[in-house]
Amino acid sequence: MDIIEIGEESFPYIKDPYMFFARRLREGNVFVLIEDGVIGFLDFTVDRNEIKLEGIAVRRDKRGKGYGKILMEFLLSIARQFGARRIYLMTLETNEAANTLYTSFGFTPYKREGPFIWYERYL
Ligand SMILES: CC(C)(COP(=O)(O)OP(=O)(O)OC[C@H]1O[C@@H](n2cnc3c(N)ncnc32)[C@H](O)[C@@H]1OP(=O)(O)O)[C@@H](O)C(=O)NCCC(=O)NCCS
């Protein structure tokens with residue numbers, strides 16, 4: 001599996017996954033977790049001392065085994081290396097796995113926007 005396929009199964013509402021992820025690979029900072037093939041990825045952007053997590057995904061058959069935590073720990077360590085003060089992101093309120101993951105990493109909700117919740121964490 002490659003990151004476009006993982007993106008496709010993780011974010012089924014993205015209309016043209018090939019174009020979308022090809023663009024993210026050009027414009028974002030995409031880190032890929034590899035272990036016998038691609039397991040998942042992180043995609044984030046940096047703006048001055050803030051980091052926006054654009055996406056995090058683990059391939060479906062590898063979920064629930066701690067890879068999401070590894071990716072989040074990596075994000076925090078990269079954020080510190082960048083000297084970032086704040087990380088923020090949004091997710092669907094109905095996405096229980098993501099909401100629980102972010103909360104367990106010390107992110108707190110600060111805004112609701114339709115079906116989405118924005119989270120932030122200061123470093
Ligand atoms: C969100 C996602 C990245 C989590 O990855 P994962 O590898 O399954 O997560 P982990 O196994 O490391 O679990 C880490 C923590 O997340 C939470 N979590 C993970 N799956 C969960 C689930 N199905 N329900 C509730 N909480 C869950 C738990 O707090 C868990 O910690 P615990 O095992 O100590 O209880 C994964 O579910 C995914 O790729 N989802 C599709 C894409 C997506 O929704 N991304 C987020 C929006 S951008």
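**Figure 1. A bridge between strand 2 and strand 3.** Let us start with one pair of residues in this predicted model: Thr45 has Lys52, in strand 3, as its bridge partner. The pair belongs to a longer contact, for strand 2 and strand 3 run antiparallel and are joined by eight bridges. Follow the chain from strand 2 to strand 3 and you pass through a hairpin with two residues between the strands.

**Figure 2. Arg48, in the loop after strand 2.** This view stays with the hairpin and looks at Arg48, which sits in the loop between strand 2 and strand 3. What is the phi of Arg48? The value is positive, about 50°, although Arg48 is not a glycine. As a general point, most residues other than glycine have a negative phi. Is Arg48 buried or exposed? Arg48 counts as exposed, because it has 10 C-beta neighbours inside 10 Å and the limit for an exposed residue is 12 or fewer.

**Figure 3. The hairpin of strand 1 and strand 2.** Here we move to strand 1 (29–34) and strand 2 (38–47), which run antiparallel and share six bridges. Two places along the pair are worth finding: Leu33 stands opposite Gly40 of strand 2, while Ile34 faces Val38 of strand 2. Three residues lie between the two strands in this hairpin.

**Figure 4. Asp36, in the turn of that hairpin.** Asp36 lies in the loop between strand 1 and strand 2. Its phi is positive, near 55°, and Asp36 is a residue other than glycine. How many C-beta neighbours does Asp36 have inside 10 Å? There are 6, so Asp36 counts as exposed.

**Figure 5. The whole sheet.** Stepping back, you can place both hairpins in an open sheet of six strands, whose order is 1-2-3-4-6-5 and whose pairing is mixed. Which strands are at the edges? They are strand 1 and strand 5 (108–113), each of which pairs on one side only. From one strand to the next, the twist averages 25°. While you trace a strand, it helps to recall that side chains in a regular strand alternate between the two faces of the sheet.

**Figure 6. Helix 1 against helix 2.** This view shows helix 1 (residues 3–10) packing with helix 2 (residues 17–27). Their axes are 9 Å apart and meet at an angle of about 120°, which means that helix 1 is oblique to helix 2. The crossing of helix 1 and helix 2 is right-handed.

**Figure 7. The shell around the ligand.** Our last stop is the ligand, which has 20 residues around it. Which of them come nearest? They are Arg63, Gly68, Ala97, Thr100 and Leu101. The elements giving two or more residues to this shell are strand 3 (50–58), helix 3 (67–82) and helix 4 (96–104). Helix 4 contributes the most, with six residues. Strand 3 may be familiar, as it is the strand that pairs with strand 2 over eight bridges. By type, the shell divides into nine polar, seven nonpolar and four charged residues.

Key:
Residues numbered from 1 in each chain as written. Predicted model: local features only at pLDDT ≥ 70, side-chain atom pairs only at ≥ 80, totals over all residues. Near = placed C-beta within 6 Å. Helix = DSSP H or I, 4+ residues; strand = E, 2+ residues; numbered from the N terminus. Nonpolar A, V, L, I, M, F, W, Y, C, P; charged D, E, K, R; others polar. Buried ≥ 20, exposed ≤ 12 C-beta atoms within 10 Å, placed from the backbone. Pairing = 2+ DSSP bridges. Axes fitted to C-alpha atoms, helices over the stretch in contact; angles between N-to-C directions. Parallel < 35°, antiparallel > 145°, perpendicular 65-115°, else oblique. Left-handed = near helix turned anticlockwise from the far one by under 90°.
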